[in-house]
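Open the model in your viewer and keep the selection tool at hand. We will go from one stop to the next, with a short look at what is there.

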Amino acid sequence: MSTLKFQTIRDWEQYVDLKSELMELKAQLLNLQRMVDNKTKELQQEVEKRERIEQEVVKLERFNIIGQLAAGLGHEVRNPMTTIRGFLQMLQNKTDLLTYKDYFDLMIEELDRTNTIITGFLSLAKHKPTELKRQCLNKLLTNLFPLLLSDAYSHDKKCIFDLVDLDIDTNEVTQLVLNLARNGLEAMPPDGCLTIRTYIDGQYIVLSVSDEGTGINTEDLSKLGTPFFTTKDSGTGLGLAMCYSIADKHKALIDVQSGPDGTTFFVRFPQPPV
């Protein structure tokens, strides 16, 4: 190892000064690097925030289009459909037309399916304030349990409730729970288990619906809640859109975690004031 040699004290002083300046420059460089890293992180967060806003704008535009369509056509289409359905029911019971009973059943079934789609349109189109009513969320879920249990058993699947005693302001959460639960049941193979839980997480009351399906593709996660987007062959793409609309009316947030072992929807309701 070589040793530095200095001819004069002045040389030593210059060396010390240079070394001090070098250390100071290194410190400044590290500080600049930290500043660059922080700014880069801030810019990345800003870009992600802008992308989320743009996605929300697209969703709102689609909701607005649906609202205009539903307001213009919903009731007008329903009225003649109700008349047609009534005549079909009357005709299918006539003795001389019993041969065509299967045809009548099919037509009535298709009319009912169309009516369900229109109901979805009208639900998304409602802009009036939601009439919130204080009731126990767990009581609401307990009342739904026999219905969901029946749905699960009819498809050789299970349903588990794990509830915490909570209160929440709601009058549309029933439809939200049914949509999320039935989506979960449809996503699972036989013997799969659907788990519905409620718990408190900080300032939020959380409702979680977990299935044991194969998960949602990464590229599809950002599209969830978009009207008409569906991965089902017979889906309308309105079920999850209704869930997001209901959550928004209740100032709730919906988060999704999905993987090869299943998917969980978290609906985070702000706790009502005491």
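Strands here are DSSP runs of E with at least two residues, numbered from the N terminus. Two of them pair if DSSP finds at least two bridges between them. Keep in mind that the model you are looking at is predicted.

**First stop: strands 4 and 5.** Select residues 193-201 for strand 4, then add residues 204-210 for strand 5. These two strands run antiparallel and are joined by seven bridges. For a landmark, pick I200: opposite this residue, in strand 5, stands I205. Now move to the hairpin that strand 4 and strand 5 form, where two residues lie between the strands. Click on G202 there and check the backbone: its phi is positive, near 65°.

**Next stop: strand 2.** Add residues 158-162 to the selection. Strand 2 pairs with strand 4 in the parallel sense, over five bridges. Which residue of strand 4 is the bridge partner of D162? Select R197 and you have found that partner.

**Last stop: an aromatic pair.** The structure holds two aromatic pairs. One of them is F145 with F161, an edge-to-face pair with 4.6 Å centre to centre and 70° between the planes. The pair links distant parts of the chain, as F145 sits in helix 3 (residues 137-154) and F161 in strand 2, 16 residues apart.

Switch on the surface to finish. Is F161 buried or exposed? F161 is buried because its relative accessible area is 19%, and the cut-off for buried is under 20%. F145, at 25%, is partly exposed.

Conventions
Residues numbered from 1 in each chain as written. Predicted model: local features only at pLDDT ≥ 70, side-chain atom pairs only at ≥ 80, totals over all residues. Heavy atoms only, no water. Helix = DSSP H or I, 4+ residues; strand = E, 2+ residues; numbered from the N terminus. Phe/Tyr/Trp six-rings, centres within 6.5 Å; stacked < 30°, edge-to-face > 60°. Buried < 20%, exposed > 50% of the residue type's maximum accessible area, 1.4 Å probe, protein only.
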